[in-house]
Amino acid sequence: MSDTTERVKKVAAETLKVDLSMVKDDSRFVEDLGAESIQSVELVAAFEEEFDIEMDEQGALGVKDVGSAVVFIEKHL
Amino acid sequence: MGVINRFIEQAKTKAGSVVLPEGTDERIVQAARQIKDDGIADPILLGDEQEVAATAKQAGVPLKGIRVVDPKASDKLGVYTDIYAKTREMKPSIAARMVKRALFFGGMMVSQGDADTMVAGVAHATATVIQAGALTVGYAPGIETASSFFLMVIPDFQGQKDKPFIYADCAVNIAPDPAELADIALASHASGEKLLGEPARTAMLSFSTKASASHDDIDKVTAALAIIKERAGGLNIDGEFQADAAIISKVAAKKVKEPSEVAGQANVLIFPDLDAGNIAYKLTQYMANAQAIGPFLQGFARPISDLSRGASAQDVVATTAICIAMT
C-alpha cells in the first residue's frame with residue numbers, strides 16, 4: 001500500500017468528518033463516505049494542501065473515490 | 001420591444017453589479033465593456049490584472065472604468081477565507097485555496113453583497129459553476145437542489161404574440177426524485193414570478209391529468225406536489241396535468257374536474273425528468289420557432305448563472321441582464 005493512499009485516506013476522513021477506519025482503499029466519497037456531490041472540489045483543495053500541488057478544477061470533477069484520487073495526485077507529484 | 005431588450009431596460013433601473021470570474025476570456029471582456037457602456041450593470045472582472053489587460057488588448061477593448069480584481073491578491077481574500085472556513089468548518093489554509101479560485105471568489109462576492117450576481121461558464125463545466133454556487137452563495141430557503149430553466153418565447157401562442165413560458169428542468173437534473181422535483185418546481189415558480197411579467201402559474205406535467213392514468217411515474221409527480229403543498233401550500237402550483245390540460249383552457253375545462261388556478265393557463269411548465277424537459281424545449285424551439293433563452297441556473301439564495309462554452313459576448317450581456325432583473 002502506497003504512502004499516497006494512506007495520506008489520501010487521512011485527508012478524506014478529515015475533510016468528510018468520518019472516522020479514518022471507515023475509509024477503505026476503494027471507498028467512494030459520495031456513496032460510501034457520505035460526501036455531498038458538490039464537495040469534490042473541497043476534497044481536491046485538501047489534497048492540494050496535503051501534497052503541496054495544484055490540481056485543475058475540471059480534472060477534479062473526476063475524483064470520485066480514493067483510488068482515482070491517488071492516481072490523479074501521483075500524476076501531479 | 002424584444003424580450004431581451006425588456007430585461008436590459010429592467011436591469012438598467014436596478015444599478016446592480018455583476019462579477020465575471022472568467023476575465024481572461026475575450027468574450028467576457030467584450031461583454032463587460034458593453035454591460036458598462038450600456039449601463040446594464042457595474043461589471044467586475046476577475047483574474048490576474050496583467051492577464052486580463054492582455055486579454056482586453058487582444059480583443060481591442062479598453063478597460064477604462066471596469067474593475068479588475070485578482071482573487072489571489074485581493075484585500076478581501078482574508079475576510080472571504082475566514083467566512084468560508086467558518087461556514088464549511090474547514091482549515092483556513094484549505095479555505096484559502098478554495099476562495100482563491102475565481103468561481104469561488106466570485107461566489108463569495110455575491111454571498112457577501114459585494115456583487116449582485118455572478119455569470120460564468122464559458123471556461124467551466126456547468127457542474128463546477130453549480131458547485132461554486134452551492135458552496136458559496138448557498139441555496140434559497142427551503143431549496144436543496146440546483147436546477148435550470150429556459151425562458152421560452154412563443155411568437156404566436158393561441159393568438160397571443162411573444163408569449164413567455166418557463167420550462168424546467170431542461171439541463172441539469174436527469175432523473176429527479178419527488179423532493180428534487182418539488183425543489184425544481186418551487187425554484188421555477190419563483191423564477192417565473194420575477195421574469196414573466198405576470199403571476200406565475202406552475203403546472204407539474206405528466207402523461208396523466210389528475211389521476212386519469214396510474215403508474216409509478218405519475219406517483220412521482222403527485223409525491224412532489226404533496227411536498228410542495230406541505231412546504232408552500234399557498235402557491236399556484238398544481239398538477240398532475242398533461243401538457244394540453246396545462247396550457248389550453250378548452251382542454252382543461254374538459255379534463256380537469258376540480259377547481260384549479262393553474263389548469264389551462266399555466267405559464268411555468270415542470271417536466272418530470274430531463275428527457276421530457278430537454279426534448280420539449282428543443283421541439284418548441286424549432287417547431288414553434290420559439291426563442292429559447294437559457295439555460296439559467298436557479299435555486300440559489302441569489303441569482304447566479306451558467307453560460308455555455310460556446311456563448312457569445314452578446315449571450316453574456318443578455319444573461320447578465322436577466323440575472324440582474326432577477327435580483
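The points below go through a predicted model of two chains, A and B, taking the domains of chain B, its two sheets, and the contact with chain A in turn.

1. Domains of chain B. Chain B is split into domain 1, made of residues 3-138 and 301-325, and domain 2, made of residues 147-294. The centres of domain 1 and domain 2 of chain B, taken over C-alpha atoms, are 31 Å apart. Contact between them involves four residues of domain 1 of chain B and eight residues of domain 2 of chain B. On the domain 1 side, three of the residues touching domain 2 are nonpolar, one is polar and none is charged.

2. The five-stranded sheet of chain B. This open sheet has the strand order β3-β2-β1-β4-β11, and the pairing is parallel. Each of β3 (67-69) and β11 (304-306) of chain B has a single partner strand, so one side of each has no neighbour in the sheet. From one strand to the next, the twist averages 20 degrees.

3. The β4-β11 edge of that sheet. Strand β4 of chain B (residues 117-120) runs parallel to β11(B), and three bridges join the two. In the register of this pair, B:V119 is opposite B:S305 of β11(B).

4. Helix α2(B) on the five-stranded sheet. α2(B) packs on this sheet and touches β1 (17-20) and β2 (42-46) of chain B. The direction of α2(B) makes about 160 degrees with that of β2(B). At angles over 145 degrees two directions count as roughly antiparallel, so α2(B) and β2(B) fall in that class.

5. Helix α2(B) against helix α13(B). Helix α2 (residues 26-37) and helix α13 (residues 313-325) of chain B have axes 8 Å apart and pack at an angle of about 50 degrees. The two helices are therefore oblique to each other. The crossing of α2(B) with α13(B) is right-handed. From α2(B), the contact uses B:R27, B:I28, B:Q30, B:A31, B:Q34 and B:I35, and from α13(B) it uses B:A313, B:V316, B:V317 and B:T320. By class, this helix contact has six nonpolar residues, three polar and one charged.

6. The six-stranded sheet of chain B. What is the strand order of the open sheet of six strands? The order is β8-β7-β9-β6-β5-β10, and the pairing is mixed. The edges are β8 (237-241) and β10 (291-298) of chain B, each of which pairs on one side only. The twist in this sheet averages 25 degrees from one strand to the next.

7. Strand β5(B) and its two partners. Strand β5 of chain B (residues 147-157) pairs with β10(B) in the antiparallel sense over six bridges. Within that pair, B:S148 has B:L297 as its bridge partner, and B:L151 has B:I293. β5(B) also runs antiparallel to β6(B), with eight bridges joining them. There, B:F149 is opposite B:A168 of β6(B). β5(B) and β6(B) form a hairpin with two residues between the strands, in which B:Q158 has a positive phi near 50 degrees.

8. Helix α12(B) on the six-stranded sheet. Helix α12 of chain B (residues 274-287) lies across β5, β6 (160-168) and β10 of chain B. With respect to β6(B), α12(B) runs at about 160 degrees.

9. The contact between the chains. How many residues of chain A are in contact with chain B? Ten residues of chain A are in contact with 15 residues of chain B. On the chain A side, α2 (40-51) and α3 (57-60) each supply at least two residues. The largest share, six residues, comes from α2(A). The side of chain A that touches chain B has five nonpolar residues, one polar and four charged.

10. Helix α2(A) against helix α5(B). The axes of α2(A) and helix α5 of chain B (residues 92-100) come within 9 Å and cross at roughly 120 degrees. These two helices are therefore oblique to each other. α2(A) passes α5(B) in a right-handed crossing. The residues that meet are A:E42, A:A45, A:A46, A:E48 and A:E49 from α2(A), and B:S93, B:I94, B:R97 and B:M98 from α5(B). This contact divides into four nonpolar residues, one polar and four charged.

Key: Residues numbered from 1 in each chain as written. Chains lettered and ligands numbered in written order. Predicted model: local features only at pLDDT ≥ 70, side-chain atom pairs only at ≥ 80, totals over all residues. Contact = placed C-beta atoms within 7 Å. Helix = DSSP H or I, 4+ residues; strand = E, 2+ residues; numbered from the N terminus. Nonpolar A, V, L, I, M, F, W, Y, C, P; charged D, E, K, R; others polar. Domains from an automatic or database assignment. Axes fitted to C-alpha atoms, helices over the stretch in contact; angles between N-to-C directions. Parallel < 35°, antiparallel > 145°, perpendicular 65-115°, else oblique. Left-handed = near helix turned anticlockwise from the far one by under 90°. Pairing = 2+ DSSP bridges.
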